[in-house]
Amino acid sequence: MIKIVYWSGTGNTENMANHIAEGIKASGKEVHTTLVGNIEVNEVMDAEVIVLGCPAMGAEQLEEDEMQPFVDALLPQIEGKKVALFGSYGWGTGEWMEIWHEEIKAARANVVCEPLIVNEFTTGQDEEICKQYGERLAKC
Ligand SMILES: Cc1cc2nc3c(=O)[nH]c(=O)nc-3n(C[C@H](O)[C@H](O)[C@H](O)COP(=O)(O)O)c2cc1C
């Protein structure tokens, strides 16, 4: 079972999560998709791949009330686990994701695919990109 845990304020990262899940399912793998506010860290530890999604918030930061605490709790337990990251951004260059990616790698997680970032969310184009990312994750 692949588990997707995400936060989304205006729905862009949620769209990404749903289309990534679609790609995973289309490849014949089971997937569970949850808002970060509805799940505890210990519920994702058995996942085949832990897929985390969060948009750029603050000043190139993770969302601070739900996603950052979840990630903080996950980091000490993530060594060797298969992980993938995704999220939507606005006016920046993706710096928040570079920082997040480094943090996850420093905790010795096994990052199975390069993080996926999209600018806001474009119907059609980004749907397909996310679906393909899900298909890749299903093969990891
Ligand atoms: C409070 C706030 C802070 C943001 N900070 C950044 C930022 O630092 N860099 C950036 O590229 N976009 C930033 N954005 C834009 C969002 O990342 C972008 O709109 C994204 O698509 C939102 O995803 P969501 O719909 O999943 O919430 C910010 C948006 C908000 C509301």
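**Exercise 1. Decide whether Gly 94 is buried, partly exposed or exposed, and describe its surroundings.**

Solution. Gly 94 has a relative accessibility of 3%, and a residue is called buried when this value is under 20%, so Gly 94 counts as buried in this predicted model. The next step is to place the residue: Gly 94 belongs to the loop that runs between β4 and α3. If residues up to four places away in sequence are set aside, Gly 94 touches Glu 60, Tyr 89 and Ile 117. Finally, Gly 94 can be compared with Val 118, which is 24 residues away along the chain, and the C-alpha atoms of the two are separated by 8.9 Å.

**Exercise 2. Check the length of helix α1 against the span expected from its number of residues.**

Solution. Helix α1 covers residues 12–26, which makes 15 residues. The expected span is 1.5 Å times one less than the number of residues, and for α1 this gives 21 Å. The C-alpha atoms at the two ends of α1 are 21 Å apart, so the model agrees with the expectation. Just after the helix, Gly 28 takes a positive phi of about 85°.

**Exercise 3. Find which residues of α1 are buried, and say what covers them.**

Solution. The buried residues of α1 include Asn 12, Thr 13, Met 16, Ala 17, Ile 20 and Ile 24. To read such a list, recall that an α-helix has 3.6 residues a turn, so residues three or four places apart point the same way. Among the elements that cover the buried residues of α1 are the strands β1, β2, β3, β4 and β6, together with helix α4.

One residue of this helix can be followed further. His 19 lies in α1, and because its relative accessible area is 13%, His 19 is buried. Apart from its neighbours within four places in sequence, His 19 is in contact with Phe 121, Glu 127, Cys 130 and Lys 131. By contrast, the C-alpha atoms of His 19 and Val 112, which are 93 residues apart along the chain, are separated by 18 Å.

**Exercise 4. Describe the largest nonpolar core and the contacts of Ile 104.**

Solution. The largest nonpolar core has 27 residues, and those that touch the most other members are Val 44, Leu 52, Met 67, Phe 70, Leu 74, Trp 100 and Ile 104. The elements β3, α2, β4 and α3 each give two or more residues to this core. For Ile 104, leaving out residues up to four places away in sequence, the contacts are Leu 75, Ile 78, Val 83, Leu 85, Ala 109 and Val 111. There is also a second, separate core of 21 residues, which includes Tyr 6, Val 51, Cys 113 and Val 118.

**Exercise 5. Which two residues have a positive phi although they are not glycines, and how exposed are they?**

Solution. Arg 108 has a positive phi of about 65° and lies in the loop between α3 and β5. Its relative accessibility is 60%, and therefore Arg 108 counts as exposed. Glu 120 has a positive phi of about 50° and lies in the loop between β6 and α4. Because its relative accessibility is 40%, Glu 120 counts as partly exposed.

**Exercise 6. Characterise the largest pocket by its space and its lining.**

Solution. The largest pocket holds about 320 Å³ of space. Its lining consists of 19 residues, and Pro 55, Ala 56, Met 57, Ser 88 and Gly 90 lie nearest the centre. Sorted by character, the lining has seven nonpolar, 10 polar and two charged residues. Both α1 and β4 supply at least two residues of this lining.

Notes. Residues are numbered from 1 along each chain as its sequence is written. This is a predicted model: local features need pLDDT of at least 70, side-chain atom pairs count only at pLDDT 80 or more; totals for chains, interfaces and linings use all residues. Side-chain values use heavy atoms; hydrogens and water are left out. A nonpolar core is a set of buried Ala, Val, Leu, Ile, Met, Phe, Trp, Tyr and Cys residues joined through side-chain atoms within 4.5 Å. Buried means under 20% relative accessible area, exposed over 50%, partly exposed in between (1.4 Å probe, protein chains only). Helices (H or I, at least four residues) and strands (E, at least two) are DSSP runs, numbered from the N terminus. Contact means heavy atoms within 4.5 Å. On a 1 Å grid over the protein atoms alone, a cavity is a set of points where a 1.4 Å probe fits but cannot get out, and a pocket is an open set with protein on both sides within 12 Å along at least five of seven lines; lining residues have an atom within 4 Å of a point. Grid points are joined across faces, edges and corners, and a volume is the space filled by probe spheres set on the points. Ala, Val, Leu, Ile, Met, Phe, Trp, Tyr, Cys and Pro count as nonpolar, Asp, Glu, Lys and Arg as charged, and the others, Gly among them, as polar.
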